[in-house]
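Work through the following exercises with the coordinates open, and compare each step with the solution beneath it.

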Amino acid sequence: MATMMQPQIILLKEGTDTSQGKPQLVSNINACTAVADVVRSTLGPRGMDKLIHDEKGNTTISNDGATIMKLLDIIHPAAKILVDIAKSQDSEVGDGTTTVVLLAAEFLKEAKPFIEDGVHPQNLIRSYRTASYLAIEKVKELAVSIEGKSLEEKKSLLAKCAATTLSSKLIGGEKDFFAPMVVDAVLAIGNDDRLNMIGIKKVPGGTMRDSFLVNGVAFKKTFSYAGFEQQPKKFVNPQILLLNIELELKSEKENAEIRLSDPSQYQSIVDAEWNIIYDKLDKCVKSGAKIVLSRLAIGDLATQYFADRDIFCAGRVTEEDLQRVAAATGGTVQTTVNNIIDEVLGTCECFEEKQVGNERFNIFSGCPSGQTATIVLRGGADQFIEEAERSLHDAIMIVRRALKNSTVVPGGGAIDMEISRYLRQHARTIAGKSQLFINSYAKALEVIPRQLCDNAGFDATDVLNKLRQKHALPSGEGAPYGVDINTGGISDSFANFVWEPAVVKINAINAATEAACLILSVDETVKNPKSESAQGEAAASAMGGRGRGGPAFRGRGRGMRRR
């Protein structure tokens, strides 16, 4: 009898939590659905906003999927994947972040009954990958190119793409005002890929319509010393000198020691310091520049010196603004004032200092290279301007993508319905279980038009039936039909100019399918107790040290039990 007893095998540390098999997979799917439910109501032009209050007391109002996902601080390991795909969609395309989360969650929701019935996840994954490949091919086939049009036509087409993106944002009411502004800003930077060449400056006060676009660079007036008031505030065709040095009297950085035998020699040392700074200033003036900008401080002596010679100067200009001025004016940032030649000086048609709200702005316009633009945003509350900036970022990304890839598809759920119809049709030609899985994938795609209706307060079932009937027409004329948000019926999205770049949809379908397949392929989660207790210890020691007014490395706080 003794030989029959098997010894107990202890493989993992005591307290390790492992969960595996079907329940584990279902619980992961439920977590992802819960995350999607948070952002579900933000989709579309009638989407609601979320107010998020973090531990530092900062308040954010947003309906941008990626922003909400970042701020939620999700700790569930499977649900974190949805946060990652929202971030990647945001950095890659700029818009469609809510779409991608919803699609991934819906794919998983459709897979759940199959998993519970004992279908092997790999079969589902294989079918989902096939379906995603077919869907992307269909998007490419349905996409319409905007290549080869004149600049004016292109501008209006891009403005329509920007308006579609902005319509689902907080500033949707002003989309006709902002869409052309975004297009002009993107066209201004040309083929330059650096997004930071479009600056967005926020000035509280005024209304959204007081916002304006500067075809060049604008930045807030920097800290200035006495003598600043006497400097001219407007120049036409000035030369601009960009520096990365301090123009003020400074004590030596190194601890130098000088021994003097004669007190009168002390004066010569002081004079030498003054001569150095005067020499620097003199070289700046001789360069012929009328505007001197520096990343480091320009002291009171230099400010007065420049003011006497009708030169405008600004010190402590931020790195980003200085780089944008350099790109716009064609100047080069100098680290010395010796032999400044004309080639390193920038130029612009007009420079002026203007009052915007209660701030003063330095504005460089009519720049020769024209590779930069600045949008100055106005508005009531700070949170409102922050959200407007995020919305404009999305619109700028979309217009850039549309310019580069130059193919658009109808929005408003039209493309989703068309792919769904195509996949259902294709599924009928497949024998075996895959037919069911591809069908469920097709059904999941309908979540976008359904959610658009729910968020606008329409009867989703009714609208979806109308859409299905329209898309099923054999002639194919129903392909561009999507949800009409204004009437609660259906309309031709293409004719109504509800467009989005094809790359947004392709990316969203790709990322959502990948995330769904990744979650479906996990069958076991192992939680290591060590890592948890280590985090607990770290938090406890930090809290304990802080609480007793001592340094944080004193170990556990009083009354903390030893783990």
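**Exercise 1. Identify which residues of helix H5 are buried, and find what they pack against.**

Step 1: the buried residues of H5, where buried means under 20% relative accessible area, exposed over 50% and partly exposed in between (1.4 Å probe, protein chains only), are Leu 124, Ile 125, Ser 127, Tyr 128, Ala 131, Ser 132, Leu 134, Ala 135, Ile 136, Lys 138 and Val 139. The model is a predicted one, in which local features need pLDDT of at least 70 and side-chain atom pairs count only at pLDDT 80 or more, while totals for chains, interfaces and linings use all residues. Residues are numbered from 1 along each chain as its sequence is written, and side-chain values use heavy atoms, with hydrogens and water left out.

Step 2: these buried residues of H5 pack against H4, strand S16 (407–410), helix H12 (414–427), helix H13 (434–445) and H16. Helices (H or I, at least four residues) and strands (E, at least two) are DSSP runs, numbered from the N terminus.

Step 3: H5 covers residues 121–142, and its 22 residues reach 31 Å from the first C-alpha to the last, close to the 32 Å expected at 1.5 Å a residue; the expected span is 1.5 Å times one less than the number of residues.

**Exercise 2. Determine whether Asp 416 and Asn 362 are buried or exposed, and list their contacts beyond the sequence neighbourhood.**

Step 1: Asp 416 has its place in helix H12 and, with a relative accessible area of 2%, is buried. Leaving aside neighbours within four places in sequence, Asp 416 is in contact (heavy atoms within 4.5 Å) with Leu 445, Ile 448, Pro 449 and Lys 505.

Step 2: Asn 362 is found in strand S14 (residues 359–365) and counts as buried at 1% relative accessibility. With neighbours within four places in sequence again left aside, the contacts of Asn 362 include Val 217, Phe 219, Lys 221, Phe 312, Ala 314 and Glu 353.

**Exercise 3. Describe the hairpin of S2 and S3.**

Step 1: strand S2 (residues 50–53) and strand S3 (residues 59–62) run antiparallel and are joined by four bridges, two strands being paired if DSSP finds at least two bridges between them. Lys 50 stands opposite Ser 62, and Leu 51 stands opposite Ile 61.

Step 2: five residues lie between the strands of this hairpin, and Gly 57 takes a positive phi near 90°.

Step 3: in a regular strand, side chains alternate between the two faces of the sheet. Along S3, Thr 60 and Ser 62 point to one face and are buried, whereas Thr 59 and Ile 61 point to the other and are not.

**Exercise 4. State the strand order of the open sheet of four strands, and explain why S11 and S12 each have one side without a neighbour.**

Step 1: the order is S11-S10-S9-S12, with mixed pairing. S11 and strand S12 (346–347) stand at the edges, and each has a single partner strand, so one side of each is left without a neighbour in the sheet.

Step 2: strand S10 (residues 291–294) and S11 run parallel and are joined by three bridges, with Cys 313 in S11 as the bridge partner of Val 292.

**Exercise 5. Characterise the largest pocket and the largest cavity by volume and lining.**

Step 1: on a 1 Å grid over the protein atoms alone, a cavity is a set of points where a 1.4 Å probe fits but cannot get out, and a pocket is an open set with protein on both sides within 12 Å along at least five of seven lines; lining residues have an atom within 4 Å of a point. Grid points are joined across faces, edges and corners, and a volume is the space filled by probe spheres set on the points.

Step 2: the largest pocket has a volume of about 790 Å³. Of its 39 lining residues, Pro 45, Thr 164, Ser 167, Gly 412 and Val 498 are the closest to its centre, and H6 gives the most to the lining, with four residues.

Step 3: the pocket lining divides into ten nonpolar, 19 polar and ten charged residues, where Ala, Val, Leu, Ile, Met, Phe, Trp, Tyr, Cys and Pro count as nonpolar, Asp, Glu, Lys and Arg as charged, and the others, Gly among them, as polar.

Step 4: the largest cavity holds about 100 Å³ of space, and its lining has eight nonpolar, five polar and two charged residues. Strand S11 (residues 312–314) gives the most to this lining, with three residues.
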